[in-house]
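Reader: I've got a structure open and I'd like to talk it through with you. Can we take it piece by piece?

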Amino acid sequence: MTSPPSGSEAAAAVPSAGFDRLAEPVRRWIWDQGWRALHDIQDRAIPLILDGDDDLIIAAATAGGKTEAVFLPLLSRIATRDRPGSGFDLVYVGPLKALIDDQFGRLDQLCERLAVPVHRWHGDVSAGAKARARKDPDGILLITPESLEALFVLRGAEIPTLFGATHGIVIDELHALLDVERGIHLRSLLNRLDLALRRPVRRIGLSATLGDMDLARAYLRPADPARVIVLESRAEGQELRLQVRGYAVRVPRDPGSEPAPDADGDPDTDDEEAAADRAIAGHLAKVLRGSRNLVFAGSRQSVEAVADRLRRSCEDAQVPNEFFAHHANLSRDHRGFVEDRLKRGETPATAVCTSTLELGIDIGAVESVAQIGPPFTVASLRQRLGRSGRRAGQPAILRLYIKEKSQDANQHILDALRVGLVQAIAMVDLLIEGWCEPPRPQALHLSTLVHQVLSVIAERGGATARGLFHVLCRTGPFSGVDPATFAAVLRRMGEPDVALIEQVSDGTLLPGKAGERQIEHYGFYAVFRTEAEYRVVRDGQTLGTLPVSFPVVPEMTIIFSGRRWRVLDVDEKTPTILVAPDARGRPPRFGGDASDLHDTVVARMRDVYRRDDHPAYLDPTARRFLSEARATFRRRGLAASSILTEGGDETVLVPWRGTVATETLALALTAVGLPATPWGLAVMVRAPEDKVRAALGALAERAPDPLALAACARTLMREKFHPFLDRPLLERDYASARLTVAAVPDMATALLTGDTRSEDRR
DNA sequence: GACCTGCTGCGGGCTG
């Protein structure tokens, strides 16, 4: 048993097996926090971290105490270290600067007790603080993947000194860093760290939403996934209150008549969709006013429109505004203001936001979460839901608002199937079951490979082709790249018109002219692509940014930051847009890419169509939509056959697979001369049914050649370093990332035989 | 037909 330190008036922590094993100053800190007990996950993590050196994944809900679960025992080990000051003892990698600042605040006072320094290292940290950390590396380093990259490029020779003492590297929000470019980047850096130190450094991943633990293990330690220990928190059965609300968008009966302008001169009330938007905003205003909430609106354009409507609803009610827009194009000042107001909790506040408020940063507990439109992924829905009901005894509240077109004789089959509502129901089902999307690990990631080739050359002051292959492909995350493909990438990088690298007489590869320009520019350290933007300025104050792809001219009116503006001037040189307040405005388009639906989600959607029950969480309109969707499903015979004829010359296929497989099927048909376009769940083929059936018959026999399909693809350049690759390499990269040719024969067979067995086996 | 994330070195001007 442990007694509280004398003088402490904090509530006594309940001693437990884990607690008793922590170092004395760490226990003292816990007493002072007034904690009554350690979380289950913390208690279980302590012996694992103290007694072993195995890699570890800790999966627990947002605010489940994951950070403390790893840092309390890790710091207990440091407290008894024998050689302080010979390098950073621990490294924490966080995907957001704001997250690092949050964690710094939490760790700093604990570490002060232990005389363990904590260093922040990201783009907003002063050069002086970084210089001090470099001169005397010790304690804990909190860093972003990009700043770690910068250390390799600029201080390659110092890596063994800086990290010589490091015995653990904690990766926060692991789910956000799986098979995306940034995750591959970080895995490459971790592998390069192990190689530079000539020993593996223990890796500890933290996450609330991992879809597949075996894949997560393989991502954390590709060389030895079996030894990665997974610690999952036992769910505490929190109450979830859920509602799905349907809203009808009326299709104009008489398309010839001009709609009457709205009384307040509101230009966006002229379309029928605006009536549904008004109804949604009206409900949000009614149920959210006076409390603290998050409204995920789906796109930045929709955030602006909804925030504007809710602000005006406050004006109409003559109460102070409590609804604020929050997305990545709004200024840091404005975002900070919204986050502070949510966090302080003194006045009511609702943020209408995009995924900016989905990850990690602490905005305190909110009472409810709303989602407008179906979610993009189950993982993101779970992450969003985790923002509400974080106080003990409080339920998590989720409201989903779904718009569907009202029924009409000429309605398109996909509208009549009410895909948005059915997608929302399928995702809520899967959320409740605890499923979420796993990563797809087969992509080659050639763009990121180009980046890492340059980075390793910079780190080491030159490298051989053999050495690069060893670091990046044999032991690193580019394991899908074979020697021939790797050689083709290097050859391409060395071509005179590309000039990223050049070879000197002894075979060493050095940066070429263009390569030097890349490496020397500070934009090099991030592997993801970004778009050019205007600054939006009012009276010398920056409100935020707009993509240059959005056409802006003087006198046009826009909604931005939830308010209405007139454009005074556009300066292409700086590039800046000057605005002044106005009574009118439309939300701008920000652009963006579509997301992929996973096979499991689509399989579940088909189950929803085939069932008869109505989930209790549907409101009357949503219930009606679901009945209509099922009626369409049966009337069109989709229960028995997934081949439909629309008019004489168009055939619609519904393969009931995710986006990648559906797009692969469309390309496979296009490649054999039948022009096919993927459209949501369906593939629209401009050919009569008998021809389509004949083509499917051939596809059922043999999987198509992926490179032949990639040759038919429209956009091959998707990532930052793609412009340096040639067409054959781009096609190979596309085939690896965006095609599943092996699934084509099964899809074709199922379509032809009307085999409607559910694929929903996970 | 979506979202998000990140960044160094150096020089000039100012303050104490």
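Author: Sure, and one definition to start: two strands pair if DSSP finds at least two bridges between them. Keep in mind too that this is a predicted model.

Reader: Okay, then let's use that definition. In β22, which residue is the bridge partner of E646?

Author: Strands β21 (residues 643-646) and β22 (residues 650-653) are joined by four bridges and run antiparallel. With at least two bridges needed for a pair, these strands qualify with their four. Opposite E646, the partner in β22 is E650.

Reader: Which residue in the hairpin of β21 and β22 takes a positive phi?

Author: The hairpin leaves three residues between its two strands. One residue of this hairpin has a phi near 70°, and that residue is G647.

Reader: And which residue has a positive phi although it is not a glycine?

Author: Look at the loop between α15 (413-416) and α16 (419-433). The residue in that loop has a phi of about 55° without being a glycine. You're after R418.

Reader: What about peptide bonds: which two residues does a cis peptide bond join?

Author: Go to the loop between β19 (563-571) and β20 (576-581), where P575 lies. The omega there is about -25°. The cis bond joins T574 and P575.

Reader: Now the sheets. In the open sheet of seven strands, what is the strand order?

Author: The pairing in this sheet is parallel. Its edge strands, each paired on one side only, are β3 (118-121) and β7 (229-232). Averaged over neighbours and ignoring direction, the strands are turned by 15° against each other. Reading across, the order is β3-β4-β2-β5-β6-β1-β7.

Reader: Which residue in β5 stands opposite L90?

Author: β2 (residues 90-93) and β5 (residues 168-171) pair in parallel through four bridges. Find L90 in the model and look across to β5: there you have G168.

Reader: What angle does the direction of helix α4 make with that of β6?

Author: Helix α4 (residues 66-79) packs on this seven-stranded sheet. The strands touched by α4 are β1 (56-59), β2, β4 (140-143), β5 and β6 (203-207). Taken against β6, the direction of α4 makes an angle of about 155°.

Reader: On to the open sheet of six strands. Which are its edge strands?

Author: Its order is β8-β13-β12-β9-β11-β10, again with parallel pairing. An edge strand here pairs on one side only, and the two that do so are β8 (240-249) and β10.

Reader: How many bridges join β8 to β13?

Author: The two strands run parallel, with β13 covering residues 396-405. One spot to check is Y247, which faces K403 in β13. The count of bridges joining β8 to β13 is 10.

Reader: At about what angle does α13 run to β10?

Author: α13 lies across β9 (292-296), β10 and β11 (349-353). Another helix, α14 (residues 378-385), packs on the sheet too, making about 135° with β13. For α13 and β10, the angle is about 130°.

Reader: Why is the pair of F324 and F337 edge-to-face?

Author: The whole structure holds 13 aromatic pairs. F324 sits in strand β10 (residues 323-326) and F337 in helix α13 (residues 332-344), 13 residues apart. Their ring centres are 5.3 Å apart, and because the planes stand at 90°, the pair counts as edge-to-face.

Reader: Finally, the DNA. How many residues surround DNA strand B?

Author: K97, R155, Y522, G591 and D593 are the closest. By type, the surface near the strand divides into 12 nonpolar, 15 polar and eight charged residues. Helix α7 (residues 145-154) gives the most to that surface, with four residues. The number surrounding DNA strand B is 35.

Reader: Which residue has a backbone N or O atom 3.5 Å from a base nitrogen of DNA strand B?

Author: Two backbone contacts go to phosphate oxygens instead: a polar backbone atom of R300 is 2.9 Å from one, and a backbone N or O atom of A328 is also 2.9 Å from one. For the base nitrogen, the residue with a backbone atom at 3.5 Å is S595.

Key: Residues numbered from 1 in each chain as written. Chains lettered and ligands numbered in written order. Predicted model: local features only at pLDDT ≥ 70, side-chain atom pairs only at ≥ 80, totals over all residues. Heavy atoms only, no water. Near = heavy atom within 4 Å. Polar contact = N/O pair within 3.5 Å; in protein donor to acceptor, adjacent residues only side chain to side chain. Nonpolar A, V, L, I, M, F, W, Y, C, P; charged D, E, K, R; others polar. Axes fitted to C-alpha atoms, helices over the stretch in contact; angles between N-to-C directions. Contact = heavy atoms within 4.5 Å. Phe/Tyr/Trp six-rings, centres within 6.5 Å; stacked < 30°, edge-to-face > 60°.
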